[in-house]
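Trainee: I am new to this structure and should like to go through it step by step. May we begin once it is displayed?

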Amino acid sequence: MAAPTNEKKVSCSHYIHDDIAFSILSKLSVKSLKRFSSVCKSWINLFENPIFINKFRNNLLFKSNSIYADDDVYLIVILNQFVELSWNLYLLYGDKFQNKLILDLPPLLHSICQEFDVNALSILGSAINGILCIYDYDTHTEVVLWNPATNEYKKVPYSLAEFPDENEYSTDVSLHGFGYDHDRDDYKIIEHVAYSANWFTPSHVVLPDPFWEIYSLKSNSWRKINYDMPIRVLLTSDVTDVYLNGVCYWWGETNNKTCLVSFNLCNEVWLTTPSPLADMPGGFNVHLTVLNGYIALISNWKKTASYQISILGEVGVKESWIRLFDVEHVSCMERPIGVGMKGNIYFRKEDYELACFDLTTGMIEDFGVQGEFFACQVVHYKINLRSIGEINV
């Protein structure tokens, strides 16, 4: 039997006042906060405390972030004019990105559009070290890497997919992510290839197995990987994929439940994180983005003008999703298309105008740029003069 003791349990609040503790804790990452939450009772439900949540939000929005901290950060906006079957790339700059400049596309992109009758081009993921990955929205087979600052570009070779006569079966190539492998100083693209029967497929034809493949700029080649990862599911009219710190993310589905899929380009390990929205497939519009260093989910009930913004604290842990913002009654917001500095949300209005919603003030500002249909996209861009060809060794 243990000897009696006169020791008393002392709450951590006897050492540090909650206001001071909250101020310190609000500067930590969500992952670290989860570990500290068991220290004392007042810290267990930090994100249910309005005082703490307000401090954490402010620190998140105003913290210095390497993506946005420098002066030479621009926005690249891709706008498809669906009626005119044309598209333009705008460079927005200035304190409030009030200035705009049309970027001249490299000749290769013009020739691809003409030769293959491509009406819609998109940017895959983010601008990585100044390099954009541009592809055709319809087939995902025409892919070009381009650095607008140097005007250098490179056409990515065609996939390892089989493309038989259209009367035999159909081939579906789906790009899922573009990013940087910092361990090998290499740029990579990941995509999925699947095959399906059509009206003309003979009964005796055996379809090839689907597969994943990765492109390496360093080797300028594709290679197959034997993974059974969830493929992308469309939860809105957007194809949303994001890149952060060597990892590509997209929405997938496993066991009939929506999940966030993450693929690490360095070690090629993938994980899934359950969605924080139980009935998301039918009831919500969602947009995946990056908010000051966090993977973020912008969601809203369909046919409503209210939006919620949640961030992910730890990949693979459903409970680490934290709902930080509730944006009410933004009736003119047709859909979000990206996030800027200090949490500014860029969105397309119902009249196709590009606008910005400031999370700190609740103010909306127009940019004087219009895009039709759904192919309107915002990409952060930092000028980088690195040559695309210099890593081809």
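Mentor: A salt bridge is a side-chain nitrogen of Lys or Arg within 4 Å of a carboxyl oxygen of Asp or Glu. Please keep in mind that this is a predicted model.

Trainee: Which residue forms a salt bridge with Arg223?

Mentor: Arg223 lies in strand 11 (residues 221-225), and its partner sits in the loop between strand 14 (257-264) and strand 15 (270-274), 45 residues apart. Arg223 is partly exposed at 39% relative accessible area, whereas the partner counts as buried at 13%. The closest N and O atoms are 2.1 Å apart, and the partner is Glu268.

Trainee: Which residues are linked with Arg223 and Glu268 in a network of salt bridges?

Mentor: One pair in the network can be described by its own distance: the side chains of Asp181 and Arg184 meet at 2.9 Å, N to O. Asp181 is buried at 0% relative accessibility, while Arg184 is partly exposed at 43%. The residues linked with Arg223 and Glu268 are Asp181, Arg184 and Lys188.

Trainee: How many residues apart are Arg386 and Asp185?

Mentor: These two residues form a salt bridge with closest N and O atoms 2.8 Å apart. Arg386 belongs to the segment after strand 24 (376-382), and Asp185 to the loop between strand 8 (170-181) and strand 9 (186-196). The pair therefore links distant parts of the chain, and the separation is 201 residues.

Trainee: Is Asn147 buried or exposed?

Mentor: Asn147 is found in strand 6. A polar atom of the Asn147 side chain lies 2.7 Å from the backbone oxygen of Asn384, and Asn147 also touches Tyr381, Leu385 and Arg386, among others. Buried means under 20% relative accessible area; at 0%, Asn147 is buried.

Trainee: Why is strand 5 largely enclosed by the rest of the structure?

Mentor: Leu132, Ile134 and Asp136 point one way from strand 5, and Cys133 and Tyr135 the other way. Strand 5 pairs in the antiparallel sense with strand 4 over three bridges, and four bridges join strand 5 to strand 6, also antiparallel. Strand 5 is largely enclosed because, of its five residues, those that are buried number five.

Trainee: Which helix gives the most to the largest nonpolar core?

Mentor: This core has 31 residues, and Phe56, Leu291, Ile311, Leu324 and Leu359 touch the most other members. Among the contacts of Ile311 are Phe56 and Leu60. With five residues, the helix that gives the most to the core is helix 4 (residues 50-62).

How values were computed: Residues are numbered from 1 along each chain as its sequence is written. This is a predicted model: local features need pLDDT of at least 70, side-chain atom pairs count only at pLDDT 80 or more; totals for chains, interfaces and linings use all residues. Side-chain values use heavy atoms; hydrogens and water are left out. Buried means under 20% relative accessible area, exposed over 50%, partly exposed in between (1.4 Å probe, protein chains only). Helices (H or I, at least four residues) and strands (E, at least two) are DSSP runs, numbered from the N terminus. Two strands pair if DSSP finds at least two bridges between them. A nonpolar core is a set of buried Ala, Val, Leu, Ile, Met, Phe, Trp, Tyr and Cys residues joined through side-chain atoms within 4.5 Å. Contact means heavy atoms within 4.5 Å. A polar contact is a pair of N or O atoms within 3.5 Å; within protein, one must be able to donate a hydrogen and the other to accept it, and residues adjacent in sequence count only if both atoms are side-chain atoms. Lists of a residue's contacts leave out its neighbours within four places in sequence.
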